[in-house]
Amino acid sequence: MDINIELLPWQQEVWDSDVRFQVIAAGRRSGKTRYACWRLLVEALHGDSLADFLYVAPTQGQARDIAWNLLLEIGKDVITGVHSNNLEIRLVNGVTIKLKGADRPQTMRGLSIEFLVLDEYADIKPQVWDEILRPALSDREGRGVFIGTPMGRNHFYDLYVAAKNGLEDHKAWHFTTADNPYIKEKEVASAKRTMSSFAFRQEYMASFEAQGSSMFKEGWIKYGDEPEEGDFYITVDLAGFSDSKNVVRERNLDDTAISI
């Protein structure tokens, strides 16, 4: 049975890539979850009924809130049955899509995964991927999509950078809320005016940065031409010393600040 897939321009760009692992950092309401659910549905329709097809969110409650109704909506023409308590959707070809929470990783042991989506990956403990899900892909050489909005520079950032730098079988993309043409420009502009600089850059611009960076606002910094004459001076605030005897204090030392 044919299904009508409607994709945004950025979604089509990612869809056309045949890389094994797609890593997508995108702003809120950009369409990343809808893209991932379309991919999951299509992969399952072409899949083996003995294989597992998963959507994984940080918690099972989030999986239900974020993706359950969306999958039921876009897959209504190819769904033959649902199990609401277990969050399972059965398709016309006998394949079952399962929605799981990363807070209960033991429920995913023993699976043979052909395709999976990891949503809000920045909020999922990296051990779930390393110890549970990645090994479950090996017998079928399964594929996957990592999506989410950044939460500082954690494991999601590390994966994104590695994929950008050519990690084998991975490719990374970055999109903002404004890349969804259904979000009006004035809405994004309004959010920028009312939110903190840090929150706007993280949630709308999908920027990987530390919370402390909001102490210095972009508008405060003025750039000029480098002078042809004069001296440069570097000042360093060491912030603390590694030979501190106080373990707690040492662990919480500030980063060194350098100004030129």
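Trainee: Which residues make the nonpolar surface patch of about 400 Å²?

Mentor: This is a predicted model. In it, a nonpolar patch of about 400 Å² lies on the surface. The residues that make the patch are I234, V236, L238 and I258.

Trainee: Is L238 buried, partly exposed or exposed?

Mentor: L238 sits in the loop between β9 (235–237) and α8 (247–251). Its relative accessible area is 48%. Buried means under 20% and exposed means over 50%. L238 is therefore partly exposed.

Trainee: In what order do the eight strands of the open sheet stand?

Mentor: The pairing in this sheet is mixed. Neighbouring strands are turned by 15° against each other on average, direction ignored. The order is β3-β4-β5-β2-β6-β7-β1-β8.

Trainee: Which are the edge strands?

Mentor: Look for strands that pair on one side only. In the sheet order, β3 and β8 stand at the two ends. The edge strands are β3 (79–83) and β8 (170–175).

Trainee: Which residue in β4 stands opposite V82?

Mentor: β3 and β4 (residues 88–91) run antiparallel. Four bridges join them. The residue opposite V82 is I89.

Trainee: At about what angle does helix α2 run to β7?

Mentor: Helix α2 covers residues 32–45. It lies across several strands, including β1 (21–26), β2 (52–57) and β7 (143–148). Its angle to β7 is about 165°.

Trainee: And at about what angle does helix α5 run to β8?

Mentor: Helix α5 covers residues 155–164. It lies across β1, β7 and β8. Its angle to β8 is about 110°.

Note on methods: Residues numbered from 1 in each chain as written. Predicted model: local features only at pLDDT ≥ 70, side-chain atom pairs only at ≥ 80, totals over all residues. Heavy atoms only, no water. Patch = residues over 30% accessible without salt bridge, like charges linked within 9 Å, V, L, I, M, F, W, Y side chains within 5 Å. Areas by Shrake-Rupley, 256 points an atom, 1.4 Å probe, with all protein chains shown as cover. Salt bridge = Lys/Arg side-chain N within 4 Å of Asp/Glu carboxyl O. Buried < 20%, exposed > 50% of the residue type's maximum accessible area, 1.4 Å probe, protein only. Pairing = 2+ DSSP bridges. Axes fitted to C-alpha atoms, helices over the stretch in contact; angles between N-to-C directions. Contact = heavy atoms within 4.5 Å.
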